[in-house]
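Student: I would like to go through this model step by step. Where should we begin?

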Amino acid sequence: MERLTANEEPSATLMYRVERPVFNEAYIDSELLHRKKRTPKSFQRRVAEHLRCSSEKAKSVLFGFLPILTWLPSYPLKEYLFGDIVSGISTGVMQLPQGLAYAMLAAVPPVFGLYSSFYPVLLYTFFGTSKHISIGTFAVISLMIGGVAVREAPDSMFAVNGTNASLVVDIVARDARRVEVVVALTTLVGIIQFVLGLLRFGFLAIYLTEPLVRGFTTAAAVHVSVSQIKYLLGVHIPRFNGPLSVVYSLDAVLRNIASTNLITLIIGLVCTVFLYFIKDLNERFKKKLPIPIPGEIIVVIVSTGISYGLVMSENYGVEVVGKIPTGLLPPKVPDFSVIPNLLPDAFAIAVVGFSIAISLAKIFALKHGYSVDGNQELIALGLCNFMSSFFHTFAVTASMSRSLVQESTGGHTEIAGFLASLLVLLVVVAIGFVFQPLPTTVLAAIIMVNLLGMFKQMKDIPALWRTSKIELAIWLVSFFASVLLGLDYGLVVAMSFAIITVIYRTQCPKNALLGQIPDTELYFDVDEYEEAEECSGIKIFQSNSSIYFANSDLYVSALKAKTGIDPAQLLAGRKSQLKYAKRDSGERKTVNYISPVKKNAVVLLDVEMGVTHEVVAGPKKSVDHVYTNGQLAENHTESESEDDFFLQRLTPIHTIILDFTPVNFIDSVGAKTIKSVIKEFAIVDVKVVLAGCSRTLLSDLRTLKFFCEPVTPDLIFPTIHDAVLHCKRSRGVPVRPDVQ
């Protein structure tokens with residue numbers, strides 16, 4: 001059947017020649033293919049097999065739940081240990097200032113950022129599958145958490161001697177309540193992530209497309225930057241939350257800008273410039289530097305020393321971090337009474353946190369040639385958040401900046417993260433009190449410099465303009481919705497818009513008429529390629545979309561527009577022409593007959609039956625004409641000229657081939673629509689056949705009872721070329737032997 005020939009010369013073109021009959025689905029299903037015999041398993045048997053326990057299955061489940069067991073026993077000390085130690089110290093040095101800084105975003109005291117930089121990182125070592133991401137505090141998640149904390153525990157609830165905003169706020173009581181809210185929120189986030197992981201919902205991140213996430217994180221960077229302006233200037237304004245919070249925050253800053261603390265502003269600007277310089281230096285000389293210069297810890301240590309020596313808090317009114325308790329707090333059960341109010345926020349944080357973590361994990365896995373399990377990552381993040389919440393932490397995810405440092409400084413495994421957590425633990429237990437004089441404006445500078453990478457995502461706009469306008473629209477909607485409406489509502493709007501774009505793409509697919517490339521069996525768009533030639537009397541229609549209830553009518557409209565054939569219009573035109581033909585025939589009959597018979601003609605189009613009935617009524621006789629598939633069966637002949645006219649073809653096109661190669665699925669509405677199309681075009685003597693259906697699609701069509709008269713498997717062909725050859729041969733058109 002197939003002959004493969006190639007010249008021995010290396011430069012020769014590889015040729016193949018296939019000689020076979022023209023296949024249709026009826027022949028393929030009955031003669032060519034035979035399904036394997038399979039005995040379906042009963043429900044009880046499937047459940048029993050799923051629940052059956054064996055040593056291999058138990059080992060597989062244990063290793064899947066604790067990935068550390070798969071790599072720790074074979075850990076190469078000599079090759080990996082030094083790199084992991086250097087990477088762990090470098091990452092831990094970054095964890096310390098970022099933990100303190102991001103706690104401010106989460107609206108809790110800075111020490112809780114250190115707790116969140118220890119417990120979850122330690123747990124991820126045992127449950128995570130990524131070797132290079134750095135779990136811990138992250139700006140976007142911290143800001144979302146802070147928004148919930150401020151909403152549930154606003155300053156007005158803790159005003160001393162009343163609710164007047166001008167009165168003093170009980171900071172201790174407010175912070176304690178916000179910690180309770182944040183811890184309960186983290187517990188709920190962990191539960192949601194853990195349950196989604198058990199239910200194998202690791203695919204959930206695909207609904208947060210890359211343009212959506214990048215637009216969302218850029219908007220989060222705007223929120224974070226605006227929220228830190230008050231710390232850079234040293235002004236005291238309330239924290240706003242909800243729609244237009246960015247506008248309200250900027251308005252409040254401008255109204256109070258006259259009260260700027262100049263010393264605070266100078267410290268913040270100097271730290272910002274220094275950190276930017278160090279960040280740029282690390283980027284320029286990253287191949288020459290053995291480890292990145294730890295600019296953040298340098299700034300923290302120097303500014304803490306200066307603040308302590310000059311007593312800036314008392315002498316210059318510079319706001320400092322304040323009391324940091326030494327040691328770890330005892331575990332405590334979260335306050336579950338606030339959970340009902342936090343469910344929507346927890347779900348959003350859970351999804352966003354997982355999406356960020358799995359995106360980074362996949363990038364590093366692809367770079368270093370290993371795989372990550374999305375479901376296990378969900379479970380790992382869920383356990384990190386849930387178990388850590390009993391130790392007063394807030395929700396965490398992977399950090400882009402720390403992950404890059406961990407990977408670039410030689411980190412090979414999760415041991416690097418483990419060592420980073422031990423460094424944080426050392427600070428919390430032994431020397432946490434040292435950072436009490438640290439000015440908050442320094443933490444604000446650290447946060448804003450770390451946001452530069454997110455702001456660079458603005459470069460996506462011109463790139464997407466050149467490549468994909470729809471993805472650009474997703475990016476812009478995600479960005480502006482999140483900036484104006486807040487991160488929670490903005491995420492909902494962005495996801496809804498992304499889903500709408502999917503529907504739009506199915507509603508507006510690319511439709512094309514295909515033509516044959518001479519001397520080949522290849523067919524391409526005739527509007528795109530000069531070589532593509534339409535087959536005489538045949539139209540090959542392709543729509544780059546599946547067919548279902550939302551676009552089935554649009555598919556039919558596009559088919560009629562592209563092929564230029566509308567059966568209803570053709571029949572209406574024929575009816576009009578027939579009316580004039582009968583009138584002319586009647587005028588001729590008046591010459592031969594004294595008493596002409598008056599006739600009323602009605603053309604009935606029955607799409608479901610696939611025929612038209614022309615009923616001619618007279619006083620004492622009835623004549624029926626049946627017009628089926630372009631052929632006229634007559635019970636009575638009135639005029640040879642009228643019959644000749646009526647038997648003329650309505651269109652020179654005799655066949656339409658629907659290319660179903662791009663069709664992935666079809667529902668009952670789509671199947672009925674295609675069936676109606678076949679019947680409707682048969683009325684005007686145009687045969688409609690299908691080509692390129694996948695076996696899955698054919699199975700769906702059988703399930704939908706698609707194959708019944710007048711639609712049979714004989715109308716289905718495996719390729720367009722099979723359909724073209726069949727249609728040409730059935731119409732008596734000669735076929736060139738070189739393309740058979």
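Student: Which elements cover the buried residues of helix 17?

Tutor: The model is a predicted one. Helix 17 spans residues 400-408, and its buried residues are S401, R402, S403, V405, Q406 and E407. Their cover includes helix 5 (77-105), strand 3 (134-136), helix 15 (339-368), strand 4 (397-399), helix 18 (415-431) and helix 19 (440-450).

Student: Which residue with a positive phi follows helix 17?

Tutor: The helix itself runs over residues 400-408. After helix 17 comes a residue with phi near 105°, and that residue is G410.

Student: Is K675 buried or exposed?

Tutor: K675 belongs to helix 27, residues 668-683. Leaving out residues up to four places away in sequence, K675 touches K705, F706, C708 and V711. Buried means under 20% relative accessible area. Because the relative accessible area of K675 is 13%, K675 is buried.

Student: Which helix gives the most to the nonpolar surface patch?

Tutor: The patch covers about 780 Å² and is made by F240, L244, V247, Y248, F480, L484, L485, Y489 and V493. At least two of its residues come from each of helix 11 (245-255), helix 22 (469-485) and helix 23 (487-507). With 3 residues, the helix that gives the most is helix 22.

Student: Is V247 of that patch buried, partly exposed or exposed?

Tutor: V247 sits in helix 11. Partly exposed residues lie between the buried limit, under 20% relative accessible area, and the exposed limit, over 50%. V247 has a relative accessible area of 43%, so V247 is partly exposed.

Student: What is the handedness of the crossing of helix 8 and helix 10?

Tutor: Helix 8 (residues 139-152) and helix 10 (residues 210-233) pack with their axes 9 Å apart, at an angle of about 65°. Helix 8 makes the contact through A139, V140, L143 and M144, and helix 10 through F216, T217, A220, H223, V224 and S227. The crossing of these two helices is left-handed.

Student: What share of the accessible surface of the protein chain belongs to carbon and sulfur atoms?

Tutor: The chain has 740 residues, of which 47% are buried. Its accessible surface comes to about 37,900 Å², and the carbon and sulfur share of that is 63%.

Student: Among contacts between residues at least 6 apart in sequence, what percentage join residues at least 24 apart?

Tutor: The protein chain holds 29 helices and 14 strands. Within the contacts you name, the share joining residues at least 24 apart is 77%.

Note on methods
Residues are numbered from 1 along each chain as its sequence is written. This is a predicted model: local features need pLDDT of at least 70, side-chain atom pairs count only at pLDDT 80 or more; totals for chains, interfaces and linings use all residues. Side-chain values use heavy atoms; hydrogens and water are left out. Helices (H or I, at least four residues) and strands (E, at least two) are DSSP runs, numbered from the N terminus. Buried means under 20% relative accessible area, exposed over 50%, partly exposed in between (1.4 Å probe, protein chains only). Contact means heavy atoms within 4.5 Å. Accessible areas come from the Shrake-Rupley method with a 1.4 Å probe; for residues, only the protein chains shown count as cover. Patches are made of residues with over 30% relative accessible area and no salt bridge: like charges are joined within 9 Å, nonpolar side chains (Val, Leu, Ile, Met, Phe, Trp, Tyr) within 5 Å. A salt bridge is a side-chain nitrogen of Lys or Arg within 4 Å of a carboxyl oxygen of Asp or Glu. Axes are lines fitted to C-alpha atoms, for helices over the stretch in contact, and angles run from 0 to 180 degrees between N-to-C directions. A crossing is left-handed if the near helix is turned anticlockwise from the far one by less than a right angle, and right-handed if clockwise.
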